[in-house]
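Student: I would be grateful for a close look at one part of this model, the place where its two chains meet. Please explain it in connected steps.

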Protein chains: 2
Amino acid sequence: VPVRLPTIAWRDGTVQLVDQTRLPADEVLLTCRTVTELVAAIRRLAVRGAPALGIAGAYGVALGAATNPADPLTGARAAAQLLEVARPTAVNLAAGVRRTLAAAVDAAEAGADVTSAALAAAQALAAEDAAASRAMAEHGLPLVPPGARVLTHCNTGALVSAGEGTAFGLVAAAHRAGALRHLWVDETRPLLQGARLTTWEARQAGIPHSVLPDGAAGSLFARGEVDLVVIGADRICADGSVVNKVGSYPLAVLAHAHGVPFVVVAPTSTIDLGTACGDDVQIEHRAADEVTSYAGTLVAPPGTPAYNPAFDVTPARLVTAIVCESGVASPVGAGTVAALVVAARAGTTS
Amino acid sequence: VPVRLPTIAWRDGTVQLVDQTRLPADEVLLTCRTVTELVAAIRRLAVRGAPALGIAGAYGVALGAATNPADPLTGARAAAQLLEVARPTAVNLAAGVRRTLAAAVDAAEAGADVTSAALAAAQALAAEDAAASRAMAEHGLPLVPPGARVLTHCNTGALVSAGEGTAFGLVAAAHRAGALRHLWVDETRPLLQGARLTTWEARQAGIPHSVLPDGAAGSLFARGEVDLVVIGADRICADGSVVNKVGSYPLAVLAHAHGVPFVVVAPTSTIDLGTACGDDVQIEHRAADEVTSYAGTLVAPPGTPAYNPAFDVTPARLVTAIVCESGVASPVGAGTVAALVVAARAGTTS
């Protein structure tokens with residue numbers, strides 16, 4: 001039975017989410033009836049990805065209020081304490097939690113219904129995220145040529161968003177518009193987010209797709225079978241350089257060598273004007289066993305050292321366009337990237 | 001207990017080889033006492049790689065003669081029949097078998113000892129392969145700068161050669177010469193020859209090394225941590241374009257973008273002057289399950305299609321040098337590549 005989208009939702013007083021740890025073998029909807037269950041789900045990565053974590057945290061605060069009807073504000077506060085530290089470095093999680101708790105506190109001070117206010121705040125956050133997905137897809141659609149064969153990397157769709165996601169959201173919109181011929185999905189070693197998760201999203205959306213080893217992308221470019229590269233971003237620096245999942249930069253170099261546009265789709269919350277350029281970004285290096293083993297099976301001699309950065313940096317000169325909910329930066333540079341942020345701020349205050 | 005090199009040898013009337021299917025978890029020496037056992041070992045890929053298969057086939061014919069002392073020529077012929085078809089598309093296997101059988105037939109016609117002649121022919125083949133490894137390493141050594149951090153792809157060392165191999169042989173020679181600072185080993189998806197086998201060879205040779213996801217190579221180049229790329233080749237076309245394990249071409253594009261030399265090490269038997277250029281090469285496309293599963297675990301939804309070419313093509317303009325046993329072609333083009341073949345022929349007839 002295919003699960004319903006969105007992949008995180010409030011249903012009948014519970015938080016329901018697609019259990020990402022069970023994909024791709026099993027499609028399982030996880031129902032969290034208590035904050036404890038939701039915290040456990042976050043801890044074991046049943047839900048992951050920046051926007052999705054923010055929404056999960058927000059719903060979690062509402063769940064804390066709803067499950068403590070005698071004193072919903074205390075329930076919301078207790079939930080917030082647990083949720084904020086469920087994944088310590090996930091800034092979106094803490095932000096979603098705080099925003100929803102603030103709404104609950106405001107409601108309590110105004111004598112309004114705390115649970116309803118918290119739930120409304122969480123749903124507003126989810127709605128904003130879904131709206132941002134739609135806006136990015138709309139802005140990006142003119143960049144997709146008719147009959148496009150699009151190559152993507154990592155996982156950027158409904159599993160990490162209340163909407164259709166960033167890069168994947170644009171791909172899905174292009175599919176609906178009849179502009180997409182094929183989606184090439186990099187498997188995205190070492191954690192295989194492309195193979196495990198993006199293929200699942202593509203199947204849910206009915207998009208024709210194939211998965212490939214990351215090293216096979218060069219062969220696709222050489223055969224002229226890639227018309228566009230579309231990826232997300234973990235951080236965009238002030239100069240327009242893009243920090244994203246390791247393996248993105250080689251795609252940019254290949255795209256440049258073959259004259260193929262390289263488009264980054266990410267919300268303006270990803271733009272960090274306080275970081276001048278990619279050299280200033282501290283790249284997380286992860287454990288060797290992500291490379292030297294898989295699902296418990298050793299694939300290199302015991303103790304083999306590994307080079308395992310989580311991200312790489314693509315310089316602005318290799319990025320054809322950055323698509324945000326506030327518009328498109330192209331060419332990509334300090335001026336056009338700053339303009340995206342200005343437009344977003346104007347949009348939220350207008 | 002570390003196994004002894006070479007990884008295929010004739011010992012005490014048997015063919016001994018390192019069981020590649022047990023690496024990297026276990027280092028197991030497989031002793032084949034009969035042709036049937038050797039054929040089974042070849043079939044289940046306990047031994048693989050073009051030169052190694054040729055040598056295995058040659059020793060197998062000698063084994064057929066030795067295990068049928070009443071009529072060694074009939075034993076050799078029967079062995080040849082079984083071995084030639086053990087891997088139908090492995091041309092080196094059939095070539096090694098035929099050459100050794102021809103020596104056995106010649107010995108029988110001359111009234112000489114058939115088993116000794118077959119064994120001598122097999123050992124000569126192995127010795128030639130080892131000598132070619134040494135010659136390639138010698139010719140290539142001046143291309144390795146002092147303190148080099150070398151990136152390699154796939155598996156090209158002692159596991160696929162009677163010597164130290166092609167690209168890996170050069171790396172090992174540079175290590176002994178004190179010129180090698182570090183070896184970066186692409187894991188080489190989908191079959192992980194780098195992670196499973198090249199790391200094992202590096203450990204055996206005492207070479208400092210790290211394994212990396214293929215997509216992380218771009219990050220290494222960007223950080224200035226690659227001084228040289230050294231790979232092998234499955235076929236070199238008349239124009240100097242290089243057909244090698246998929247993932248080689250992206251490394252060539254990255255090396256070019258970063259001004260890093262890209263060197264191919266392969267015997268002249270790899271040069272195919274009858275194939276004009278890479279466009280004329282039929283690339284083998286392999287089964288999807290190599291990509292959609294990993295170390296026996298499903299990593300994509302069941303039935304997900306995969307793009308899984310075994311090889312890609314690197315055009316000559318991206319190749320800094322081709323190193324053969326007969327010399328070095330640099331710059332790489334039709335003239336210099338043909339000269340390598342001419343020099344090799346002159347060498348064998350002189």
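Tutor: The area buried between chain B and chain A is about 4000 Å², and carbon and sulfur atoms supply 67% of it. This value, like those that follow, is computed from a predicted model. Accessible area lost when parts come together is a frequent way of giving the size of an interface. In terms of residues, 50 of chain B are in contact with 50 of chain A.

Let us turn to the individual pairings across this interface. The rule finds 19 residue pairs in polar contact between chain B and chain A, both partners being at pLDDT 80 or more. The side of chain B that touches chain A draws two or more residues from each of several elements of chain B, namely the helices α7 (193–204), α8 (217–222), α9 (248–257) and α10 (289–292), together with the strands β6 (209–212) and β13 (297–298). By residue type, that side of chain B divides into 30 nonpolar, 14 polar and six charged residues.

Charged pairs also join the two chains. Side chains of opposite charge can pair when their charged atoms come close. Two salt bridges are counted between chain B and chain A. In one salt bridge across the interface, Glu187(A) pairs with Arg189(B), and their closest N and O atoms are 2.6 Å apart. Arg189(B) also takes part in an uncommon piece of backbone: a cis peptide bond joins Arg189(B) to Pro190(B), with omega about 5°. Pro190(B) is located in the loop that runs between β5 (180–186) and α7 of chain B. For comparison, most peptide bonds are trans.

The next matter is how the two copies are arranged. A turn of 179° with a shift of 0.1 Å along the axis lays chain B on chain A with an RMSD of 0.3 Å. The two copies are therefore related as by a two-fold rotation axis. Both copies use the same surface, since 100% of the contact residues of chain B recur in chain A.

It is useful to set the interface against one whole partner. Chain A has eleven helices and 16 strands. Its radius of gyration is 20 Å, close to the 20 Å that the globule rule gives for 350 residues, so chain A is as compact as a globular protein of that length. Along the principal axes, the C-alpha atoms of chain A fill a box of roughly 65 × 55 × 40 Å.

Salt bridges are also found within a chain. Over all chains, the count by this rule comes to 22 salt bridges. One of them links Arg98(A) with Glu84(A), whose closest N and O atoms are 2.5 Å apart. This pair connects distant parts of the chain, with Arg98(A) in helix α4 (residues 91–109) and Glu84(A) in helix α3 (residues 72–84) of chain A, 14 residues apart.

Chain A, too, offers a cis peptide bond to examine: one joins Leu23(A) and Pro24(A), with omega about 0°. Pro24(A) is found in the loop between β2 (14–18) and β3 (29–32) of chain A.

Methods. Residues numbered from 1 in each chain as written. Chains lettered and ligands numbered in written order. Predicted model: local features only at pLDDT ≥ 70, side-chain atom pairs only at ≥ 80, totals over all residues. Heavy atoms only, no water. Contact = heavy atoms within 4.5 Å. Buried area = accessible area lost by both parts, 1.4 Å probe. Salt bridge = Lys/Arg side-chain N within 4 Å of Asp/Glu carboxyl O. Polar contact = N/O pair within 3.5 Å; in protein donor to acceptor, adjacent residues only side chain to side chain. Helix = DSSP H or I, 4+ residues; strand = E, 2+ residues; numbered from the N terminus. Nonpolar A, V, L, I, M, F, W, Y, C, P; charged D, E, K, R; others polar. Least-squares fit on C-alpha atoms with pLDDT ≥ 70 in both. Rg over C-alpha atoms; globule rule 2.2 N^0.38 Å.
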